Amino acid sequence: ILSLFRNAGYTPDYEIVDDAQTMREALSKGGWDLVLSDHNMPGFNAVSALNILQELQLDIPFIIVSGAINEETAVAAMRAGAHDYLSKNKLERLLPAVKRELREADIRAERRAALKAVRESEARFRALAANIPGMVFQLQRRMDNSLAFLYASEGCQALLGLSPAQLLAAPHLFP
């Protein structure tokens, strides 16, 4: 497997682990991009390794590379969160699977970062709107010419005597 990576131009940093404790220690060091796991090792297996990865809440691609796993077990591991499974007899699939899963992990990380940025931006907006005297709102005119509030700040209580929830639920109450 290392030869495959090296022949493809990678210079892998790796650590071989064969028990739960060593895996926890290796993962706690951080910086890992990928976990490749054999299914059956003496005293340890891919499902146990996957459970550790999930317990640590790490979003790292997890690929099982094994010669001794039946189809039902492989499917169960995929349902449990493994990203891919391939046979040691078909290692030509390994590099494409790794590239795909690393790309998918990058996309998930970008999505998490974007969602965090949106939440932070929304929190700043709400703090700003809460401190502006008066009312901040976003109003939408529907196709039937009725109005719909998409947002109303707490200032609507002082100005209209209506809570934001009331205004959102009954936009016709807006003068």
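Student: What follows α3, and what is the sign of its phi?

Tutor: In this predicted model, α3 is followed by Gln57, whose phi is positive, near 55°.

Student: What makes that value worth a remark?

Tutor: Most residues other than glycine have a negative phi. Gln57 is a residue other than glycine, and its phi is positive.

Student: Where is Gln57, and why is Gln57 called exposed?

Tutor: Gln57 sits in the loop between α3 and β4. Its relative accessible area is 70%. Exposed means over 50%, so Gln57 is exposed.

Student: Which residue in the loop between β6 and β7 has a positive phi?

Tutor: Asn145, with a phi of about 70°, although Asn145 is not a glycine. Its loop runs between β6 (137–141) and β7 (147–152).

Student: How do you know whether Asn145 is buried or exposed?

Tutor: The relative accessibility of Asn145 is 53%. The cut-off for exposed is over 50%, so Asn145 counts as exposed.

Student: Back to α3. Which of its residues are buried?

Tutor: In α3, residues 46–55, the buried ones are Ala46, Ala49, Leu50, Ile52 and Leu53.

Student: How do you know that they line one face of the helix?

Tutor: Seen down the axis of α3, the buried residues fall within an arc of 155°, so they line one face. An α-helix has 3.6 residues a turn, so residues three or four places apart point the same way.

Student: What do these buried residues pack against?

Tutor: They pack against α2 (20–29), β1 (35–37), β3 (44–45), β4 (62–66) and α4 (71–80).

Student: What makes Asn45 a cap of α3?

Tutor: A side-chain oxygen of Asn45 lies 3.1 Å from the backbone nitrogen of Val47. A polar contact is a pair of N or O atoms within 3.5 Å, so this pair meets the distance limit. The end that Asn45 caps is the N-terminal one.

Student: Which residues have the most contacts inside the largest nonpolar core?

Tutor: Met23, Leu27, Val35, Phe62 and Ile64, in a core of 19 residues. The elements that give two or more residues to this core are α2, α3, β4 and α4. The largest share, five residues, comes from α3.

Student: Which residues is Met23 in contact with, leaving aside its neighbours within four places in sequence?

Tutor: Val17, Val35, Phe44, Ala49 and Ile52. Apart from that core lies another, of eight residues, among them Leu86, Leu94, Ala97 and Val98.

Definitions and conventions
Residues are numbered from 1 along each chain as its sequence is written. This is a predicted model: local features need pLDDT of at least 70, side-chain atom pairs count only at pLDDT 80 or more; totals for chains, interfaces and linings use all residues. Side-chain values use heavy atoms; hydrogens and water are left out. Buried means under 20% relative accessible area, exposed over 50%, partly exposed in between (1.4 Å probe, protein chains only). Helices (H or I, at least four residues) and strands (E, at least two) are DSSP runs, numbered from the N terminus. The arc is that of the directions from the helix axis to the C-beta atoms. Contact means heavy atoms within 4.5 Å. A polar contact is a pair of N or O atoms within 3.5 Å; within protein, one must be able to donate a hydrogen and the other to accept it, and residues adjacent in sequence count only if both atoms are side-chain atoms. A nonpolar core is a set of buried Ala, Val, Leu, Ile, Met, Phe, Trp, Tyr and Cys residues joined through side-chain atoms within 4.5 Å.
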